[in-house]
Amino acid sequence: MQSETGLQLLARLGSRPSIAGVLSPIFNDGPNAKDVIELFGTEGTGKSEILLNLVAGIILPKTWKSVNLNGKDASVIFIDNDYKFSILRLVTVMENRIHATLKNAHQAEENLTNDVELLIQKCLSKLSLIRCTNSSELLVTLYSLEQTLLSNPNISVIMIDSISAFYWIDKCNGGESLAAQEKNLTLILEVLSKFINSFSLIVIATKCALMKKRMREDYNLEKSASNIDRLKNDHQEFLCKAWGQLVTQRFHVEKQLASNHFKCHCIHLGSSKNADKTVIQFQITDNGIQVL
């Protein structure tokens, strides 16, 4: 028999801060409660940068000193399996965003330097950064997070970079048995599914394109609109079936060969048309992601 306090019940059943519109127009009016979003693409296509910009927008306040920062004032759990997360990059993006907003609001930036530093420190306290080295460690970590979620109703999102980090290790350790290869990931997804349903959490995870349906060495993204359809169909699911069933939206991210620009288009899984609603072109600058 399990029991919980009134505070824990409130944390489980109560509403958590909305992060809808945090990085529009890439996510349009989302992400919304119980969304499971996959950022899919090869190495170097900006998946981790998108997560970092999401974190910045989520942990910043909505307003500060009567200036609208467009933050969500929520908390994030970030699981960094690829060891790519840069706290310095996050601070830089947040600082530049705050100073740009102050400048547009005609606020005297030079008089607020110390205040900005204190604000960023306060915001960083809403970020929980966890690093895992294997799938067993990730599973144990997720089991331990239930009490954290119960005690902190401000947590709206769990981010995982990446969900495919331990694919080859698990495949090797599992031998010829597919069930053994997928055992830890299946258990991990069961825990995530429980969190999503019990706490109305959002899960956003990156997945590296380890496999493709066909090889394309000289693929030109600039040729025609039909190439976008072929790009969408190029996704090959290699994780366990449970992951494909859990994901509600897949964002396919590609780097354009002829420039330093990136393209992101969304596939709404389960849709009758299963088609892209939007195709967004962006670049990565010192200030973060800039939509073109």
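Of the 292 residues in the protein chain, 47% are buried, that is, under 20% relative accessible area with a 1.4 Å probe and protein chains only. This is a predicted model, in which local features need pLDDT of at least 70 and side-chain atom pairs count only at pLDDT 80 or more, while totals for chains, interfaces and linings use all residues. Residues are numbered from 1 along each chain as its sequence is written, and side-chain values use heavy atoms, with hydrogens and water left out.

The protein chain holds nine helices and 11 strands, which are DSSP runs (H or I, at least four residues, for helices; E, at least two, for strands) numbered from the N terminus. Among contacts between residues at least 6 apart in sequence, 70% join residues at least 24 apart, a contact being heavy atoms within 4.5 Å.

One helix pair to follow is H5 (residues 135-151) with H7 (residues 178-199), whose axes come within 9 Å and cross at roughly 15 degrees. That makes H5 roughly parallel to H7, a term for angles under 35 degrees. The contact includes Leu138, Leu142 and Leu149 of H5 along with Ile188, Val191 and Phe195 of H7, and by class it has 13 nonpolar, three polar and two charged residues.

Another pair is H2 (residues 47-59) and H3 (residues 87-104), which pack at an angle of about 55 degrees with their axes 10 Å apart. That makes H2 oblique to H3, the word for angles that are neither under 35, nor over 145, nor 65 to 115 degrees. Among the residues that meet here are Leu52 and Val55 in H2 and Leu90 and Met94 in H3, and the contact divides into seven nonpolar, two polar and three charged residues.

Notes. Axes are lines fitted to C-alpha atoms, for helices over the stretch in contact, and angles run from 0 to 180 degrees between N-to-C directions. Ala, Val, Leu, Ile, Met, Phe, Trp, Tyr, Cys and Pro count as nonpolar, Asp, Glu, Lys and Arg as charged, and the others, Gly among them, as polar. Buried means under 20% relative accessible area, exposed over 50%, partly exposed in between (1.4 Å probe, protein chains only).
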